[in-house]
Amino acid sequence: MQNENERIKNKVKDMLKTIIDEVDPNNVLDLLIERRIVNIECREKIMNEKTKKERCRALIYPLLNCAHKEAFIVFRQALEEHYHWIVERIDENKDDFSSKDLDETKVKVIEEANEKTEQCDEVASAESSRLLKSCVFIIGFYDPNENNPTSDVIKINLNKSADIISIQQIPAKMGMESAAAVYDKSVFVTGIGNQSNEIWRFDSTTSNWMQCASMVQCRRRHGVAFLGHILYICGGWIVSQNRTLDDVEAYDALGNRCVHVGRLAWAVESSGNCVPFKSSLYIFGGNGPNGKPLGKVQVFDTKSNTCSVLNKDVPIGDSFLRAALWENTVILLGVYGNCIYNFEAKDFEVRKEFKTDAVYCGLAISDGFVFVIGGGRVENNKWICRDDVRYIPIESILNNQPINWKTCVKPKLPKSTLVYAFADMGLEP
């Protein structure tokens, strides 16, 4: 019996070594999460490991501790697409590899292979108690086939599958093409009210709305972003004059006042984005005064209040691009195509495989996933809006590994809607 156990131990050890050496967790985690073998919190722990081998060890250990064989069945399915030769070896030795009687042997193998191994259940419990929640606020619902935008507000917790919370309605008239941003646990909504010049603040700690000082110039279709306690409001469109704006305003969240501070190089509206990086704001694309895609990248320096233009244009034709910053890279998502911009390389890379098929959607990054919320597109002269939340691993976009968008069963929006004003609260305790 001892010889048999030793034989099986060597088999398992050799099999696990092959998996750890050759498997990239990015290629298998998506299915494991979808089938609820691994949760998002566990994925975060795995991806925080420094090297690919350490990430793979962190993945294998909880699988070995699963009390049901489904874990191995799903893991095998996840391996099939990229690692068919490993699947063949697993099938040859499946009785040894999945035997519950050998859990202790398999644990020892992993402990020998990884000095950093911790007791999975204890780690998961401890980390869950410290985890922060990534929250996105959606302000107003709007389906162009129906009435005007509503004043409804929801908070979506992207770390929990069924956590959509209704918030107190915003006590102002919601207009189309408003914009929102976050500072110090508060959401600031701009371009609303009867004149499209109001700014309202929602304090998430008290759950109260407060009207702030108004913008100098009314506008819609503008971009907003905070740098420190200053909210910058860039470009936009005046509906009564059918005029595209090139001005930049700055709202001081501490002093509660809004002033004109500068101008963009190009008048722009409907960019869908305004990305803060260091002391500058980056506006990717948008429409110019003629209503056609501008394709420029404007950089507004908040120290000198001057604007320059990058020497490289946005490489995809979409004028309306949602953008999210991930480390030194901007993820740009459009209805027909996507691209990324790297600040270090100062260059774009096209990612057409990840198109969203929707405009006016919300965008957030949480736990290594890119989430797209709602949105819509025109088909046969009619708007088709969405009520779902979709996601893909951010690594798939960064590494250009095509993958279909997955739809969360939950959360689901209260109704199909275009998403104009939304704000990613990020990590909220």
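Is Cys218 buried, partly exposed or exposed, and what is its relative accessible area? In this predicted model, Cys218 is partly exposed. Its relative accessible area is 23%, which lies between the 20% limit for buried residues and the 50% limit for exposed ones. Cys212 falls on the other side of the lower limit: it counts as buried because its relative accessibility is 7%, under 20%. The structure holds 0 disulfides. No pair of cysteine sulfur atoms therefore lies within 2.5 Å.

Four strands form an open sheet. Their order is 20-21-24-25, and the pairing is antiparallel. Strand 20 (362-366) and strand 25 (406-407) are the edge strands. Each of these two pairs on one side only. At the strand 25 edge, the partner is strand 24 (residues 389-393). Strands 24 and 25 run antiparallel and are joined by 2 bridges. Within this pairing, Arg390 has Thr407 of strand 25 as its bridge partner.

Ser270 sits in a loop, between strand 11 (257-263) and strand 12 (275-277). Despite the loop setting, Ser270 counts as buried. The reason is its relative accessibility of 8%, which is under the 20% cut-off. The Ser270 side chain makes a polar contact with the side chain of Glu269, at 2.5 Å. Beyond its neighbours within four places in sequence, Ser270 is in contact with Arg221, Gly286, Asn287, Ser319 and Phe320.

Two non-glycine residues with positive phi were examined in the loops on either side of strand 4. Glu177 lies in the loop between strand 3 (164-167) and strand 4 (179-183). Its phi is near 60°, a positive value in a residue other than glycine. Asp184 is found in the loop that runs from strand 4 to strand 5 (186-192). Phi of Asp184 is about 50°, again positive, although Asp184 is not a glycine.

The two residues fall in opposite accessibility classes. Glu177 counts as buried, because its relative accessibility of 9% is under 20%. Asp184 counts as exposed, because its relative accessibility of 52% is over 50%.

Note on methods. Residues numbered from 1 in each chain as written. Predicted model: local features only at pLDDT ≥ 70, side-chain atom pairs only at ≥ 80, totals over all residues. Heavy atoms only, no water. Buried < 20%, exposed > 50% of the residue type's maximum accessible area, 1.4 Å probe, protein only. Pairing = 2+ DSSP bridges. Polar contact = N/O pair within 3.5 Å; in protein donor to acceptor, adjacent residues only side chain to side chain. Contact = heavy atoms within 4.5 Å.
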